[in-house]
Amino acid sequence: MKYGWTVHDGRDFGIHDVYESPENGYSIRTAWVKRNGGKDGGDWTARVTVTPFASENPPFSSIIFYFATEYTGWIRSIKKLSHSSILAGETRDVGRFKIKIDILTQDKKIFLDQATGNVSVVHLKEFLIQKGYFARLNTKLSNLKEYIGLRPGNDRDYENSNFIAFQMSGFGPFEFEVIFESDSLRKEFEKKNLPPPSELRKSEFESILAEKNAKFNEKFDRIFKLKEKNFSQSAILMAQSALSNMIGGI
């Protein structure tokens, strides 16, 4: 089992891995990158990849990704499709923003459920269970009659909602992106008479992630000089992970 950051520069990117036990049978990798700009911090994207250990008869798994604006601001869904969703919100700290949830795995066996409401994040788990946010949902799959998901009808547009959750569920590997877009960054481009920044997704995301990862490795090698000291590659990777977990924890 493994839970931790593989790399993290403390500012603009990171890769986090979860390897579950053989009984649970899957790994989860979350990679994220940030594009700085505007007065509220800029854009960022997180890509989550769920990979079962077994290629035959993979287990059914669910991932819940949620946003909350407790104490200040609001957040609500503005568009929901079978494999994507768009929401908008505003808080004192990050201003106005838009978030896109996009399932990259185009498979009818992958489900996207969502729920919106007014939730105390301090007691999040207890609140969701007690308030009936979860239900047994039927499917048309021959090998899965039902699963536990976010209850339909809890995704209505609350005027004062401060919470929204997305549940991605399915067999086999699946992947989704969470794309955060800052309104102030777009206004900054507009004032400079520039076209709006491109979406930080798919190939654009991969290119920036690779660039930042390469810079992290170069800076780590330049500062600690572990290759010059004849440390093995596995020892260097362990050292990078130790540093990244310290930074990521902060």
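A residue is called buried when its relative accessible area is under 20%, exposed when that value is over 50%, and partly exposed in between. The exercises below apply these cut-offs to a predicted model.

**Exercise 1. Overall form and confidence**

Task: Describe how confident the prediction is along the protein chain, and state which helix has the lowest and which the highest confidence.

Solution. Begin with the chain as a whole, where the average pLDDT is 90 and 97% of the residues score at least 70. Then turn to the separate elements: the lowest mean, 79, belongs to helix 1 (residues 124-130), while helix 3 (residues 202-224) has the highest, at 97. As a general caution, where pLDDT is low, the predicted coordinates should not be read in detail.

Task: Decide whether the radius of gyration of the protein chain agrees or disagrees with that of a compact globule.

Solution. For 250 residues a compact globule would have a radius of gyration near 18 Å, and the 20 Å found for the protein chain agrees with this. The C-alpha trace spans about 60 × 55 × 35 Å along its principal axes, and the secondary structure amounts to four helices and 13 strands. Of the 250 residues, 43% are buried. The accessible surface comes to about 14,300 Å², with 53% of it belonging to carbon and sulfur atoms. Finally, if one takes the contacts between residues at least 6 apart in sequence, 59% of them join residues at least 24 apart.

**Exercise 2. Helix 3 and its surroundings**

Task: Find how far helix 3 reaches, which of its residues are buried, and what those residues pack against.

Solution. First compare lengths: helix 3 has 23 residues and reaches 33 Å from its first C-alpha to its last, close to the 33 Å expected at 1.5 Å a residue. Next list the buried positions, which are Phe205, Ile208, Leu209, Lys212, Phe216 and Phe220. In general, an α-helix has 3.6 residues a turn, so residues three or four places apart point the same way. The buried residues of helix 3 pack against strand 1 (2-8), strand 2 (13-19), strand 3, strand 4, strand 13 (174-182) and helix 4 (233-249). Just after the helix, Lys225 takes a positive phi of about 50°.

**Exercise 3. Salt bridges of helix 3**

Task: Among the 19 salt bridges of the structure, examine the one between Arg35 and Glu204, and say where in the chain its partners lie.

Solution. The closest N and O atoms of Arg35 and Glu204 are 3.7 Å apart. Arg35 belongs to strand 3 (residues 26-35) and Glu204 to helix 3, so that this pair links distant parts of the chain, 169 residues apart. With a relative accessible area of 15%, Arg35 is buried because this value is under 20%, whereas Glu204, at 31%, counts as partly exposed.

Task: Carry out the corresponding steps for Glu206 and Arg47, asking which partner is buried and which is partly exposed.

Solution. In this salt bridge the closest N and O atoms are 2.9 Å apart. Glu206 lies in helix 3 and Arg47 in strand 4 (residues 43-52), and the pair links distant parts of the chain, 159 residues apart. Arg47 is buried at a relative accessible area of 10%, while Glu206 is partly exposed at 41%.

Task: Consider Glu218 and Arg222, and state how many residues apart they lie.

Solution. Their side chains meet in a salt bridge at 3.0 Å, N to O. Both residues lie in helix 3, four residues apart, which is about one turn of the helix. Glu218 is partly exposed at 43%, and Arg222 is partly exposed at 45%. Elsewhere, salt bridges that share partners join Arg35, Asp43, Lys100, Asp102, Glu181, Arg186, Glu199, Arg201 and Glu204 into one network.

**Exercise 4. Two loop residues**

Task: Place Leu104 and Ser55 in their loops, and decide for Ser55 whether it is buried or exposed.

Solution. Leu104 lies in the loop between strand 8 (95-103) and strand 9 (110-117), and at 22% relative accessibility it counts as partly exposed. Leaving aside neighbours within four places in sequence, Leu104 is in contact with Arg47, Glu175, Phe176, Glu177 and Lys202. The C-alpha atoms of Leu104 and Glu177 are separated by 7.2 Å, although these residues are 73 apart along the chain.

Ser55 is found in the loop between strand 4 and strand 5 (60-68), and its relative accessibility of 75% makes it exposed. Its C-alpha atom is 7.5 Å from that of Gly172, a residue 117 places away along the chain.

Methods
Residues are numbered from 1 along each chain as its sequence is written. This is a predicted model: local features need pLDDT of at least 70, side-chain atom pairs count only at pLDDT 80 or more; totals for chains, interfaces and linings use all residues. Side-chain values use heavy atoms; hydrogens and water are left out. pLDDT is the predictor's confidence in each residue, from 0 to 100. A salt bridge is a side-chain nitrogen of Lys or Arg within 4 Å of a carboxyl oxygen of Asp or Glu. Buried means under 20% relative accessible area, exposed over 50%, partly exposed in between (1.4 Å probe, protein chains only). The radius of gyration is taken over C-alpha atoms; the globule rule is 2.2 Å times the number of residues to the power 0.38. Contact means heavy atoms within 4.5 Å. Accessible areas come from the Shrake-Rupley method with a 1.4 Å probe; for residues, only the protein chains shown count as cover. The expected span of a helix is 1.5 Å times one less than its number of residues.
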